[in-house]
Amino acid sequence: MSTITARCPSCHGLNRLPAERISESPNCGRCKSSLLDGAPIEGTADNFTALLSSQQPVVVDFWATWCNPCVGFAPVFEQTAQERKGQVRFVKVDTEQQQQIAAQYQIRSIPTIMVFKGGQRVDVINGALPKTQFDQWLNQALTK
C-alpha cells in the first residue's frame with residue numbers, strides 16, 4: 001500500500017494517507033480539519049499523482065515565492081478554494097521546490113493555472129487573474 005504525505009492547511013501538521021483513499025475526505029490527525037478540501041494543498045513529487053487521480057476536478061497553481069503576481073494571486077486562489085469546498089480540489093506547486101513537476105508540465109511562466117479531471121489536463125491559463133475573471137475562467141474550464 002503506497003502512502004502520501006499531506007500537510008494540513010490549518011495546523012501545518014504532516015499526515016500520512018493511503019494513496020487509494022485520496023478520493024475520500026480525510027481529516028487531520030492533530031486538529032481534525034479537512035486535509036484536502038477548503039484550502040489549497042501543497043503539491044509535491046510524493047503526492048501530486050495521487051492528488052490528480054481524485055474523482056473531483058483538481059485546480060493546480062504553479063507558482064514561486066519570488067513571483068510578485070503569484071503572491072498577489074494567492075488570496076484569490078485561497079478564497080476560491082474555500083468557496084468551492086467539496087466540489088473542486090485546489091493544489092499549489094512551488095516550482096522552485098518541485099522542479100521535476102514543473103518540468104513534467106512544461107511550466108515556462110508563472111503563475112500557470114491548470115485544471116485536471118480524471119488525471120487529464122482539460123485547460124490551462126498563464127498569469128494572475130482578478131477574482132471575477134478567475135471564477136469565469138474556472139467555470140468554463142470545469143465544463144470541459
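**Figure 1. Lys92 and the ring of Trp63 in the predicted model.** The charged end of Lys92 is placed over the Trp63 ring, 4.9 Å from the ring centre. A charge counts as sitting over a ring if NZ of Lys or CZ of Arg is within 6 Å of the ring centre and within 35 degrees of the ring normal. The model is predicted, with pLDDT of at least 70 needed for local features and 80 or more for side-chain atom pairs, while totals for chains, interfaces and linings use all residues. Residues are numbered from 1 along each chain as its sequence is written, and side-chain values use heavy atoms, with hydrogens and water left out.

**Figure 2. The aromatic pair Tyr105 and Phe116.** The whole structure holds 9 aromatic pairs. Rings of Phe, Tyr and Trp (its six-membered ring) pair if their centres lie within 6.5 Å; planes under 30 degrees apart count as stacked, over 60 as edge-to-face and the rest as tilted. The ring centres of Tyr105 and Phe116 are 5.6 Å apart and the planes stand at 85°, so this pair is edge-to-face. Tyr105 belongs to the loop between helix 3 (99-104) and strand 6 (112-117), and Phe116, 11 residues away, to strand 6 itself, so that the pair links distant parts of the chain. Helices (H or I, at least four residues) and strands (E, at least two) are DSSP runs, numbered from the N terminus. Tyr105 and Phe116 are buried, a term for under 20% relative accessible area, against exposed for over 50% and partly exposed for values in between (1.4 Å probe, protein chains only).

**Figure 3. The aromatic pair Phe134 and Trp137 in helix 4.** With ring centres 6.1 Å apart and planes at 25°, Phe134 and Trp137 form a stacked pair. Helix 4 covers residues 131-142, and within it the two residues are 3 residues apart, about one turn of the helix. Phe134 and Trp137 are both buried. Ring pairs join them with Phe73, Phe77 and Phe90 in a cluster. Helix 4 also contains Gln136, which is partly exposed at a relative accessible area of 48%. From Gln136 to Gln106, 30 residues apart along the chain, the C-alpha separation is 25 Å.

**Figure 4. Surroundings of Ile107.** Ile107 is found in the loop between helix 3 and strand 6 and is buried, with a relative accessible area of 14%. Apart from neighbours within four places in sequence, its contacts (heavy atoms within 4.5 Å) are Phe62, Thr95, Ala102, Thr112 and Met114. The C-alpha atoms of Ile107 and Trp63 lie 9.6 Å apart in space, the two residues being 44 residues apart in sequence.

**Figure 5. Domain 1 and domain 2 of the protein chain.** Domain 1 takes in residues 1-37 and domain 2 residues 38-142, with bounds from an automatic or database domain assignment. Their centres, taken over C-alpha atoms, are separated by 18 Å. In the contacts between them, 11 residues of domain 1 meet 17 residues of domain 2. The protein chain has 4 helices and 7 strands, in the order β-β-β-α-β-α-β-α-β-β-α from the N terminus. Of its 144 residues, 51% count as buried. Among contacts with a separation of 6 or more, 58% are between residues 24 or more positions apart. Along the principal axes, the C-alpha trace spans about 35 × 30 × 30 Å.
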